[in-house]
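Please explain how the strands and helices of this structure are arranged, and what surrounds its ligand. A reader new to the structure would like to be led through it step by step.

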Amino acid sequence: MIALSGVTARKGRFALADVSVSLAEGEYGVVIGPAGSGKTTLLEVIAGLLVPAAGTVQVGGVDARRLAPEDRHLSLVYQHAYLFPHLSVRDNVAYGTADARSLQEVEERLDVGAYYSRDILGLSGGERQIVALARALARRPRLLLLDEPFSALDPRRRMLVRREVRQLHRDWGLTTLQVTHDFAEAGMLGDRAILLDAGRVLQQGTPAEVFRRPASPYVAEFLGAENVFGGIARELGEVSPDWVEGDPAQYARGHRAFAFETEGLTLYAVGDFAPGVGHAVIRAEEITISRDHVHDSARNRLAGRVTEVQALGALTRVTLDVRGVPLVAALTTRSALELRLEPGLAVVASFKAMAVHLC
Ligand SMILES: Nc1ncnc2c1ncn2[C@@H]1O[C@H](COP(=O)(O)OP(=O)(O)OP(=O)(O)O)[C@@H](O)[C@H]1O
């Protein structure tokens, strides 16, 4: 549905450089990246609002330059939710509507009728976002481009509206590309994730691939991986049966075992990695903590001492000192309380070789 190849676009200076991305019909794509990385620009190029300096943009198999605006069948919602100030809330939502049934369905799903008695200028930022979303959806576009559309909503509304938009996307067979700063949201919504940085695509794939198999230590850290270590990976060979942790079916053909040496520690990893100098990434939630050497199938077991315990609602973040190397684990607060974790306590951290990603 969307195919960009080698797209370079300028906004004063370069905002996109040699960007190639694609999104199939019916897919929900999410665009993530730091502030100023070119996310909005990417949507504007696809919408035809910004003509690229180089490269090609195809929408629905047709060169976007040949598509008249009325033939694009797309809706773009900006984060600032621009509304028509001279129209009522209802007339804003109904503007350009495909048909009465689509309008009614959107009104019901987003509960936007609740604002119809209000003055358009008196809406809050979150309410404006809902009205702008409703207007975009009621046109029943083939392509829906959303720039942080839920950013001003409170957490409960955000969850409800997100669910309804995802459902309409599926029921109506839309193709959607959404910018978000919320990684959990990206994982929940996206069939495909595109990570931009300084106008370039650093990685694209399913959200699970991008989050669990970051292409570089930079991507890992941007996506919030707590444990990123530099070192050297040595290949140990085929994964032998005594290495299998849990379900053998999770081992793909060609997976090999590695020993990764970092700051005097050896971490074991399994995957299709390249040996040599690189980085090991372990997400905090992959690490479990016990008071003793319990018997489990995890390949990596490291003795250390607790240095910090931070309760963050349902999860607790625990920092350990493992022979001078800091290691961060995320436990449920319930298990952290059961373990009576406190600074100075000697514990064992364990994690599977499958949880160690080398890049
Ligand atoms: N009108 C403009 N004139 C000059 N430079 C601009 C203009 N608009 C954006 N830029 C620059 O282009 C780059 C890409 O901007 P863009 O808005 O696409 O980033 P973004 O990833 O959407 O950022 P954010 O997450 O903050 O919304 C930024 O470096 C920005 O400073």
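A convenient place to enter is a single pair of residues, since arginine 305 has alanine 346 of strand S19 as its bridge partner. That pair belongs to a longer pairing, in which strand S16, residues 300–312, and strand S19, residues 346–351, run antiparallel and are joined by six bridges. The model in which these features are found is a predicted one.

Stepping back from this pair, one finds an open sheet of five strands with antiparallel pairing, whose order is S15-S19-S16-S17-S18. At its edges stand strand S15 (288–290) and strand S18 (325–332), each of which pairs on one side only. Within this sheet, neighbouring strands are turned against each other by 45° on average, when direction is ignored.

Another open sheet is built from six strands in the order S6-S7-S8-S3-S9-S10, and here the pairing is mixed. Strand S6 (74–77) and strand S10 (200–205) each have a single partner strand, so that one side of each remains without a neighbour in the sheet, and these two are its edges. The average turn between neighbouring strands of this six-stranded sheet, again with direction ignored, is 15°. Inside it, strand S3 (residues 28–32) and strand S9 (residues 192–197) run parallel and are connected by four bridges, and valine 31 finds its bridge partner in isoleucine 194 of S9.

A further set of strands can be followed along the chain. Strand S11, residues 227–238, runs antiparallel to strand S12, residues 256–262, with six bridges joining the two, and glycine 237 is paired in this way with alanine 257 of S12. S12 is in turn joined by seven bridges to strand S13, residues 265–271, and this pairing is also antiparallel; alanine 259, for its part, has tyrosine 268 of S13 as its bridge partner. S12 and S13 form a hairpin with two residues between the strands, and there glutamate 263 takes a positive phi near 45°.

Turning to the helices, it helps to recall that two packed helices are described by the angle between their axes and by the distance between those axes. For helix H3 (residues 100–110) and helix H4 (residues 125–138), the axes come within 9 Å and cross at roughly 150°. Because an angle over 145 degrees counts as roughly antiparallel, H3 is roughly antiparallel to H4. The crossing of these two helices is right-handed. On the side of H3 the contact is made by Ser102, Leu103, Val106, Glu107 and Leu110, while H4 contributes Ile130, Leu133, Ala134, Leu137 and Ala138. By character, the residues of this contact divide into eight nonpolar, one polar and one charged.

What, finally, surrounds the ligand? Its shell consists of Lys11, Gly12, Ala15, Gly33, Ala35, Gly36, Ser37, Gly38, Lys39, Thr40 and Thr41. Helix H1, residues 39–47, supplies the largest share of this shell, namely three residues. Sorted by character, the residues around the ligand divide into seven polar, two nonpolar and two charged.

Note on methods: Residues are numbered from 1 along each chain as its sequence is written. This is a predicted model: local features need pLDDT of at least 70, side-chain atom pairs count only at pLDDT 80 or more; totals for chains, interfaces and linings use all residues. Two strands pair if DSSP finds at least two bridges between them. Axes are lines fitted to C-alpha atoms, for helices over the stretch in contact, and angles run from 0 to 180 degrees between N-to-C directions. Angles under 35 degrees count as roughly parallel, over 145 as roughly antiparallel, 65 to 115 as roughly perpendicular and the rest as oblique. A crossing is left-handed if the near helix is turned anticlockwise from the far one by less than a right angle, and right-handed if clockwise. Two residues are in contact if their C-beta atoms, placed from the backbone, lie within 7 Å. Ala, Val, Leu, Ile, Met, Phe, Trp, Tyr, Cys and Pro count as nonpolar, Asp, Glu, Lys and Arg as charged, and the others, Gly among them, as polar. A residue is near a molecule or strand if its C-beta atom, placed from the backbone, lies within 6 Å of it.
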